[in-house]
Every structure is written in C-alpha cells, then in structure tokens.
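Student: I would like a close look at a single part of this structure, explained in one connected account.

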Amino acid sequence: MKNPPRNVPIFSQLMANRKQSKALVRKHIFPVRLSDIELDMIRIKSLDAGMSASELMRRNALMRPLPKRLSKISLQTYWELGQIGNNLNQLVKATNIALKIGRTLPADLELLRELLELLHQCRRDIASDDVDDDDSEEEDDDWEAD
C-alpha cells in the first residue's frame with residue numbers, strides 16, 4: 001500500500017481494500033469549522049484512540065444520544081421564569097440596600113430568597129424534562145432546528 005493515511009491502524013487500512021457496498025462507501029465531505037485548540041484536541045484524541053480523526057468524529061456524531069428536546073411552551077416558560085428571576089434579583093438587591101442604609105424593607109428578604117430558589121428549581125425542572133415521553137401518542141412538531 002503506497003502512502004497509507006497517517007493515524008490509521010493497519011487493520012483499518014487493510015479493511016479499506018475490501019469490496020464495500022455502494023451504500024457504505026463514504027463519498028461525502030461534511031466541513032466543520034474548528035479553532036486551533038479544538039483541532040489539536042481532536043487530533044490528540046484520535047491518536048489516543050488509535051483511529052483517524054474522521055472515524056472519531058463519525059463515532060461521536062452518530063453514536064451519542066442527542067440532547068433532550070423542549071417544546072416551545074417549555075422554552076417560553078423557561079424564559080418567562082428567567083425574567084421573573086431577574087425582577088426578584090432586583091427586589092432582593094433593593095431590600096439589601098434598604099437594610100444597609102436603615103430604610104424600611106420593601107419585602108421580607110428571607111421570603112424573597114426562598115422564592116428565588118423555588119424559581120431556579122422550576123427552571124431546572126423544565127430544562128431536565130423530556131418532552132418525548134413514550135406514552136405520548138402524537139408527535140410534537142413545534143421543535144425547529146437552527
């Protein structure tokens with residue numbers, strides 16, 4: 001074999017000579033933009049794994065589960081709760097300032113902190129919910145790819 005590709009195990013090089021089904025022949029190139037650091041990390045990982053960078057990328061892209069999808073309602077609720085959290089943070093800040101300068105407190109500080117923690121917990125719950133329940137009979141079509 002003349003000029004074998006670098007970073008590819010000998011076994012993989014020998015297997016490449018075998019006749020493959022036309023459906024399995026890799027003829028498409030999918031360009032990806034990487035920083036210098038990302039490219040170096042991929043090269044190091046591929047060397048450590050004993051496979052080509054292309055094989056490493058294919059395995060990582062095709063064999064890992066995708067992140068859970070959230071419905072538009074969940075995303076909107078998550079965003080709205082974030083806005084409420086911002087308002088609560090402003091109220092907590094105003095309460096802390098009033099406390100420092102000896103003014104009347106606009107709200108109970110401990111109650112605000114408890115409310116803020118509940119709000120953060122609701123956002124975490126929404127973010128971790130899986131929209132694709134197995135019990136669901138109909139598909140949720142409101143997810144859009146970028």
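Student: Which residues make up the largest nonpolar core?

Tutor: In this predicted model, the largest nonpolar core is made up of nine residues: Leu81, Leu88, Val92, Ala107, Leu109, Leu112, Leu116, Leu119 and Ile126. Helices α4 and α5 each supply at least two residues of this core, and α5 gives the most, with five residues. As background, nonpolar side chains in soluble globular proteins tend to be buried together.

The contribution of α5 merits a closer description. This helix covers residues 109-128, and at 1.5 Å a residue its 20 residues should span 28 Å; the end C-alpha atoms are 29 Å apart, which agrees. The buried residues of α5 are Leu109, Leu112, Leu116, Leu119 and Ile126. Viewed down the helix axis, these buried residues fall within an arc of 105°, so they line one face of α5. The general geometry is relevant here: an α-helix has 3.6 residues a turn, so residues three or four places apart point the same way. The face of α5 turned away from the buried side carries the exposed residues Leu111 and Leu118.

The buried residues of α5 pack against α4 (72-101). Leu112 illustrates the surroundings of one such residue: leaving aside residues up to four places away in sequence, Leu112 touches Leu88, Leu91, Val92, Thr95 and Ala107. Finally, the N-terminal end of α5 is capped by Asp108, with a side-chain oxygen 3.3 Å from the backbone nitrogen of Glu110.

Methods
Residues numbered from 1 in each chain as written. Predicted model: local features only at pLDDT ≥ 70, side-chain atom pairs only at ≥ 80, totals over all residues. Heavy atoms only, no water. Helix = DSSP H or I, 4+ residues; strand = E, 2+ residues; numbered from the N terminus. Expected span 1.5 Å × (residues − 1). Buried < 20%, exposed > 50% of the residue type's maximum accessible area, 1.4 Å probe, protein only. Arc of directions from axis to C-beta. Contact = heavy atoms within 4.5 Å. Polar contact = N/O pair within 3.5 Å; in protein donor to acceptor, adjacent residues only side chain to side chain. Core = buried A, V, L, I, M, F, W, Y, C linked by side-chain atoms within 4.5 Å.
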